[in-house]
Amino acid sequence: MVKKSTPNKQLAEKNEQNFRSIITTLVSITLVASVASLGYCIWDFCHDDSITFNYSGSDGNAANFVEGSIAEVAAKVTPGVVSIITEVESRNFFGQSTTATAAGTGMIVTSDGYVLTNKHVVDGAKTINIVLDDGTTYDDVKLVGTDPLNDVAFLKISDVENLPTVKLGDSKTINAGQQVIAIGNALGQFQNTITSGIISGTGRAITATSDNYTNSENLDDMIQTDAAINSGNSGGPLVNAAGEVIGINTATSTEADGIGFAIPISSVKGMLNNIINNNSAQRSYLGVQYILLTPDIAKSYDLPVSNGAYIYNGEKSSAVISDGPAAKAGIKDKDIITAVNGVPVGSAGSVSSLIGEYMPGDTVRLTVLRDNKKADIDVKLGGYNDSSKK
């Protein structure tokens with residue numbers, strides 16, 4: 001079973017229905033947070049007036065750890081990794097209202113206090129406190145937005161400047177076997193614990209449950225890693241050998257050792273930029289339902305390619321949302337989207353993840369296969385902040 005990296009068993013509980021028609025491998029997964037000390041990890045971004053991304057042209061995912069470099073990378077990143085302490089109201093066996101304290105993790109992504117974490121880390125929180133690596137504590141923290149398609153939340157520490165941040169890398173170019181480290185508030189008690197491992201796989205679709213099994217959430221395009229992700233690690237960074245954040249630690253398997261999952265960092269960049277630059281918590285959306293192709297799925301539908309997103313929702317209803325961005329651009333049922341702005345769908349991420357790198361209003365070029373003919377179609381992305389569109 002896959003469980004969210006959530007608080008211990010006393011913790012407060014925390015889906016948005018996955019809009020995509022994707023064939024998933026159901027793994028028993030638990031969200032990794034920690035109640036009694038709710039465990040979640042948040043990361044810092046290198047930021048001046050905006051977030052610092054890796055736009056240098058060099059790919060940090062090509063780097064490898066050498067002797068002593070894990071300690072160097074950890075020392076570089078941990079100042080931007082914070083503990084998140086929340087108070088959650090719950091009811092005991094007798095129906096009496098009680099308040100539980102939970103501890104998790106997060107990342108500071110701008111020097112003026114924007115923080116990235118998992119949605120389930122702060123779900124239902126009455127108060128949110130953030131503790132920096134040096135022990136500095138902030139209690140004026142606001143939830144400024146949540147991703148309707150992903151387990152991601154955006155926080156803001158009020159009236160701060162010059163905070164340490166993390167650098168965001170590119171999750172589109174990661175590879176199985178690549179070395180990584182995970183950083184988080186293990187068990188909600190051991191701040192900035194470092195574990196190391198490799199990327200075990202990409203593009204994983206999972207169903208993650210809360211610690212008490214009352215809530216579940218479908219998550220797709222996840223990064224699988226054997227770097228230990230423990231209770232309390234939720235919201236913490238998965239980092240490459242160049243010290244760049246490539247994922248947000250989110251869930252761990254309860255049925256097998258060495259199986260953890262992280263959300264690709266590129267999929268949240270568009271919404272993060274929109275919050276910071278436009279004060280808007282809208283996420284970009286395309287307006288289609290699709291099946292992410294594998295060789296077996298392509299064979300079953302007699303399709304000419306085995307990678308891409310097949311726009312299909314059965315013969316009785318359209319997979320293209322009426323009046324949505326894709327419909328307005330001329331995308332049709334049974335089209336196969338093979339690339340977004342030249343980035344291949346499948347190996348680099350799902351359509352949803354690749355679109356997530358852009359803000360509402362941005363125009364992206366979709367490479368589409370229709371009747372065995374390739375065409376490039378420009379689509380102006382829409383924006384939404386609820387679960388009614390995707």
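The buried residues of helix α3 pack against five strands: β6, β9 (141-146), β10 (153-157), β11 (167-168) and β18 (283-285). The buried set in α3 consists of Lys269, Gly270, Met271, Leu272, Asn273, Asn274, Ile275 and Ile276. That makes 8 of the 10 residues of α3 buried, so the rest of the structure largely encloses this helix. Just after α3, asparagine 279 takes a positive phi of about 55 degrees. The model is a predicted one.

Step back to the whole chain. The protein chain holds 6 helices and 25 strands. Of its 390 residues, 56% count as buried. The accessible surface comes to about 15700 Å². Carbon and sulfur atoms account for 45% of that surface.

Now look inside. In soluble globular proteins, nonpolar side chains tend to be buried together. Here, the largest nonpolar core has 31 residues. Within this core, Leu116 and Ile248 touch the most other members. Several elements each supply at least two residues of this core: helices α1 (69-77) and α3 (269-278), and strands β6 (114-117), β12 (179-186), β14 (216-225), β16 (244-253) and β17 (260-264). Helix α3 gives the most to this core, with 4 residues.

Which residues does isoleucine 248 contact, leaving aside its neighbours within four places in sequence? Its partners are Met107, Leu116, Asn118, Val152, Gly235, Gly236, Phe261, Ala262, Ile263, Ile265 and Val268. Leu116 is thus on the contact list of isoleucine 248, and these two residues are the ones that touch the most other members of the core.

A second, separate core has 23 residues. Among them are Val288, Ile355, Val364 and Val368.

Turn next to valine 82. This residue sits in strand β4 (residues 81-91). Is valine 82 buried or exposed? Its relative accessibility is 1%, so valine 82 counts as buried; the cut-off for that class is under 20%. Valine 82 and leucine 116 are 34 residues apart in sequence. In space, their C-alpha atoms are 9.9 Å apart.

The second largest pocket comes next. About 170 Å³ of space lies in this pocket. Its lining consists of Leu303, Pro304, Tyr310, Asp333, Lys334, Asp335, Ile336, Leu369, Arg370, Asp371 and Asn372. By class, the lining residues divide into 5 nonpolar, 1 polar and 5 charged.

Two residues of this lining, Lys334 and Asn372, deserve a look at their backbones. Lysine 334 lies in the loop between α5 (325-329) and β21 (336-340). Its phi is near 75 degrees, a positive value in a residue other than glycine. How accessible is lysine 334, and in what class does that place the residue? At 43% relative accessibility, lysine 334 counts as partly exposed.

Asparagine 372 lies in the loop between β23 (363-370) and β24 (373-380). Its phi is near 65 degrees, again a positive value in a residue other than glycine. The relative accessibility of asparagine 372 is 60%, so this residue counts as exposed; the cut-off there is over 50%.

Technical notes
Residues are numbered from 1 along each chain as its sequence is written. This is a predicted model: local features need pLDDT of at least 70, side-chain atom pairs count only at pLDDT 80 or more; totals for chains, interfaces and linings use all residues. Side-chain values use heavy atoms; hydrogens and water are left out. Buried means under 20% relative accessible area, exposed over 50%, partly exposed in between (1.4 Å probe, protein chains only). Accessible areas come from the Shrake-Rupley method with a 1.4 Å probe; for residues, only the protein chains shown count as cover. A nonpolar core is a set of buried Ala, Val, Leu, Ile, Met, Phe, Trp, Tyr and Cys residues joined through side-chain atoms within 4.5 Å. Contact means heavy atoms within 4.5 Å. On a 1 Å grid over the protein atoms alone, a cavity is a set of points where a 1.4 Å probe fits but cannot get out, and a pocket is an open set with protein on both sides within 12 Å along at least five of seven lines; lining residues have an atom within 4 Å of a point. Grid points are joined across faces, edges and corners, and a volume is the space filled by probe spheres set on the points. Ala, Val, Leu, Ile, Met, Phe, Trp, Tyr, Cys and Pro count as nonpolar, Asp, Glu, Lys and Arg as charged, and the others, Gly among them, as polar.
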